[in-house]
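I set out to keep a short notebook on this structure. The entries below follow the order in which I looked things up.

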Amino acid sequence: MIQPVKEKIILGIDPGTTIMGYGVLRVTGVKPEMIAMGIIDLRKFGDHYLKLRHIHERVLGIIESYLPDELAIEAPFFGKNVQSMLKLGRAQGVAMAAALSRDIPITEYAPLKIKMAITGNGQASKEQVADMLQRMLRFPKEDMPTFMDATDGLAAAYCHFLQMGRPAVEKGYHGWKDFIAKNPDKVKGSVK
C-alpha cells in the first residue's frame, strides 16, 4: 500500500546523450499529479563533454525550479555498443551528481521495471507507456510531448511513486536450495 505523504516532489529522468527526458510529479496524500515534463535537447552539441556540462546545468535548473525531494532515474540498459553505453552512463552520472550536490536521494529503476509498473508489460512501447501515463495522471492529450523521452522521465517518477512505502525486496532465489536455505521455517519434513 502506498503510504500517504503531506507533499512530496519526485523528479524522474530518462538519461540520454541526444535527448534526455524528465518529468516532475507532486504527490499529495496518495494522489500523484504531473506538474512538468520536458526534454533536455543535446543535439546541437557536437562535443560529448559540452553535452555533459549542459546536462549538469539543466538538471540543476530543474532542481532549483521544482525542488524535488527525490530523484528516480532509469538505469542504462546493456547494449552491444560499448562506446554508447559509456556515454549514456556518463550522462546518467552527471544527472545523478547534480541531484547529489543538492542532497537529493536517488533511486535507479531498470527500464523493464518502469514499463512493468506503468503498463503491466515489461516489453511495452514508449507510446504505450505514454498513453497509460496520460490516462492515469489525467492530463490532456494536447499536453502529450513530441518526444517520448519526456514521458519516459515521467514514467520513472511514477514508478517511484508506486514504490512509496514498500520495503525494498531482497533479490530473488537462485533455485530450490537457495529458497530452502533462506526459508527453513517454510519447509516441512526432511530435504535429501
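**Entry 1: Lys 6.** I began with the cut-off for exposure: a residue counts as exposed when its relative accessible area is over 50%. The model I consulted is a predicted one. I found a relative accessible area of 79% for Lys 6, so this residue is exposed. I located Lys 6 in strand β1, which covers residues 5-14. Leaving aside residues up to four places away in sequence, I noted that Lys 6 touches Val 27, Thr 28 and Gly 29. For Gly 29, which is 23 residues from Lys 6 along the chain, I recorded a C-alpha separation of 5.4 Å.

**Entry 2: the chain as a whole.** I then turned to the overall layout. I counted 6 helices and 5 strands in the chain. Read from the N terminus, their order is β-β-β-α-β-α-β-α-α-α-α. The chain has 192 residues, and I noted that 44% of them are buried. For contacts between residues at least 6 apart in sequence, I recorded that 60% join residues at least 24 apart. I entered about 11300 Å² for the accessible surface of the chain, with 56% of it belonging to carbon and sulfur atoms.

**Entry 3: Glu 33.** I looked up a residue of strand β3 (residues 31-41), namely Glu 33. Its relative accessibility is 36%, so I listed Glu 33 as partly exposed. Not counting residues up to four places away in sequence, Glu 33 touches Val 24, Leu 25, Arg 26 and Leu 137. I also noted Arg 138, which lies 105 residues from Glu 33 in sequence while their C-alpha atoms are 8.5 Å apart.

**Entry 4: helices α1 and α2.** How do the axes of α1 and α2 cross, and at roughly what angle? I found that the two axes come within 9 Å and that the crossing angle is roughly 30°. The crossing of α1 past α2 is right-handed. On the α1 side I listed His 48, Tyr 49, Leu 52, Ile 55, His 56, Val 59, Leu 60 and Ile 63. These meet Lys 87, Arg 90, Ala 91, Val 94, Ala 95, Ala 98 and Ala 99 of α2. Sorted by class, the contact of α1 with α2 comprises 11 nonpolar, 2 polar and 2 charged residues.

**Entry 5: positive phi.** I next checked backbone angles. Most residues other than glycine have a negative phi. I noted that Leu 67, although not a glycine, has a positive phi of about 50°. Leu 67 is in the loop between α1 (48-66) and β4 (70-74). Its relative accessibility is 61%, so I marked Leu 67 as exposed. I also noted Asp 103, whose phi is positive and near 55°. Asp 103 belongs to the loop between α2 (82-100) and β5 (106-109). With a relative accessible area of 71%, Asp 103 is exposed.

**Entry 6: aromatic rings.** How many aromatic pairs does a search of the whole structure find? I obtained 1 aromatic pair. It is formed by Tyr 158 and Phe 161, with ring centres 5.4 Å apart and planes at 55°, so I entered the pair as tilted. Tyr 158 and Phe 161 are 3 residues apart in helix α5 (residues 148-163), so about one helical turn separates them. I closed the entry by noting that both Tyr 158 and Phe 161 are buried.

Methods:
Residues numbered from 1 in each chain as written. Predicted model: local features only at pLDDT ≥ 70, side-chain atom pairs only at ≥ 80, totals over all residues. Heavy atoms only, no water. Phe/Tyr/Trp six-rings, centres within 6.5 Å; stacked < 30°, edge-to-face > 60°. Helix = DSSP H or I, 4+ residues; strand = E, 2+ residues; numbered from the N terminus. Buried < 20%, exposed > 50% of the residue type's maximum accessible area, 1.4 Å probe, protein only. Axes fitted to C-alpha atoms, helices over the stretch in contact; angles between N-to-C directions. Left-handed = near helix turned anticlockwise from the far one by under 90°. Contact = heavy atoms within 4.5 Å. Nonpolar A, V, L, I, M, F, W, Y, C, P; charged D, E, K, R; others polar. Areas by Shrake-Rupley, 256 points an atom, 1.4 Å probe, with all protein chains shown as cover.
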